[in-house]
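Reader: I would like to learn how to read a model like this one. Could you take me through it feature by feature?

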Amino acid sequence: MALDLEDLATRGLVAPERVDELRRVAENFAVALTDDVAGLIDPADPADPIAAQFVPHTDELTVSPEESRDPIADERWSPVPGIVHRYPDRVLLKPILVCPVYCRFCFRREQVGHEDALVSPEELSGALDYIRAHPEIWEVIVTGGDPFLLSPRRLGAIVQALEAIPHVAVIRIHTRVPIADPRRVRPALVTALAAEKAVYVVVHANHPRELTDTVRGAIGRLTRAGIPVLSQSVLLRGVNDDPAVLEALFRGLVAMRVKPYYLHHPDLARGTAHFRLGIEEGQRLIGALRGGVSGLCQPSYVLDIPGGHGKVPIGPHYATPGPAPEQWLVEDPAGTRHRYPPADETG
Ligand SMILES: *Cc1c(COP(=O)(O)O)cnc(C)c1O
């Protein structure tokens, strides 16, 4: 059962006298937590990193000029409802616009959590027709909203429809359910993902405390079914802007057989300025992991360029052109620069 603002007050996660002002936030941006996530919050800690992600805050009413309702221009790249086709070889398919939890920094916060949460059967079949008609589409990323909130029957029907399209080779599902509502990853849901084609699942986790034993169980049900699981995280002030927290998060994921894929610089969604840090700070944080932490635990730090221009890595770079042609200076993890190729020692 999803918890709303009143439930949060009942549970002591929101002071009763603040409910009225937070109602203004909730009118703009949907609010929901699961029991699992609410149970991770320490109500005595005003800076709790789990509360910061899910409990609404009046800072969300402050919109800064660079923020937008559609920060990465999904709309501009949407040829038919339910599809976003920004890159030639892959599309987003959005069959549902509800989530088990509403992250306070969500880049799609203006689209999710409204009444018309399910894409209509006509729209879904139109979206699938679009994929059928575009042979350049090699991969379909099923996202939302959260596709794991669909019934196993509906999700299975989508997987089977994609399985039947010859040019689609890869089906990727983006979800927060295994983290936010792990008991929902039941055998019937896992069975619905069975396909001859490669099916990947990408989960969203931002803090090591999200990686509970119940979550480990849910991820295990996916990986034992042969589904590769990757993760994405968002770099957030007050949640994970600390090298030790990032290290624990990525190590925890890898130890559950989850490969950290992307660490996103936060998007310019409305009312999210309090979460954002500078790119330089982000580079320093991600750079601190290089060398001392297994390469398996290193996601790419990426920015989705506002306006829909695509995602690019913005992590620290280690190689710069050297003084001579064909020569490079390459920095090691400790910060010392070396010539590449090395100087001729016989010389
Ligand atoms: C993020 C995104 C993708 C997936 O990008 P990858 O770099 O392949 O993970 C595809 N289409 C759109 C519109 C996106 O925003």
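Author: Gladly! Keep in mind that this is a predicted model. Let's begin with the ligand and the elements around it: strand S1 (83-87), strand S2 (90-93) and strand S7 (258-264) each give at least two residues to its shell.

Reader: Which strand supplies the largest share of the shell around the ligand?

Author: That is S1, with 3 residues.

Reader: And which residues are around the ligand?

Author: A residue goes on the list if one of its heavy atoms lies within 4 Å of the ligand. Here that gives Ile-72, Val-84, Arg-86, Tyr-87, Arg-90, Leu-92, Ile-141, Arg-172, Tyr-261, Tyr-262, Asp-304 and Lys-311. Sorted by character, the shell has 7 nonpolar and 5 charged residues, and no polar ones.

Reader: How do I pick out polar contacts to the ligand?

Author: Look for a pair of N or O atoms within 3.5 Å. In this model, a side-chain N or O atom of Tyr-262 is 2.5 Å from an oxygen atom of the ligand. For Arg-90, a polar side-chain atom lies 2.7 Å from a ligand oxygen. Arg-86 has a side-chain N or O atom 3.3 Å from an oxygen of the ligand.

Reader: How much of the ligand's accessible area does the protein cover?

Author: Taken on its own, the ligand has 380 Å² of accessible area, and the protein covers 92% of that. As for its location, the ligand sits in the largest pocket.

Reader: Let's step back to the whole chain. How many helices and strands are there?

Author: The chain has 11 helices and 12 strands. Its radius of gyration is 21 Å, close to the 20 Å that the globule rule gives for 347 residues, so the chain is as compact as a globular protein of that length. Along the principal axes, the C-alpha atoms fill a box of roughly 75 × 55 × 40 Å.

Reader: What should I look for in the backbone itself?

Author: Start from the usual case: most peptide bonds are trans, and most residues other than glycine have a negative phi. Then look for exceptions. Gly-144 and Gly-145 are joined by a cis peptide bond, with omega about 10°. Gly-145 is found in the loop between strand S3 (139-142) and helix H6 (152-163). Another cis peptide bond links Tyr-340 and Pro-341, where omega is about -5°; Pro-341 belongs to the segment after strand S12 (337-340).

Reader: And which residue other than glycine has a positive phi?

Author: Ala-73 is one of that kind, with phi near 55°. You will find Ala-73 in the loop between helix H4 (49-54) and S1.

Definitions and conventions: Residues numbered from 1 in each chain as written. Predicted model: local features only at pLDDT ≥ 70, side-chain atom pairs only at ≥ 80, totals over all residues. Heavy atoms only, no water. Polar contact = N/O pair within 3.5 Å; in protein donor to acceptor, adjacent residues only side chain to side chain. Areas by Shrake-Rupley, 256 points an atom, 1.4 Å probe, with all protein chains shown as cover. 1 Å grid on protein atoms, 1.4 Å probe; cavity = no way out; pocket = protein on both sides within 12 Å on 5 of 7 lines; lining within 4 Å. Sits in = over half its atoms within 2 Å of the grid points. Helix = DSSP H or I, 4+ residues; strand = E, 2+ residues; numbered from the N terminus. Nonpolar A, V, L, I, M, F, W, Y, C, P; charged D, E, K, R; others polar. Rg over C-alpha atoms; globule rule 2.2 N^0.38 Å.
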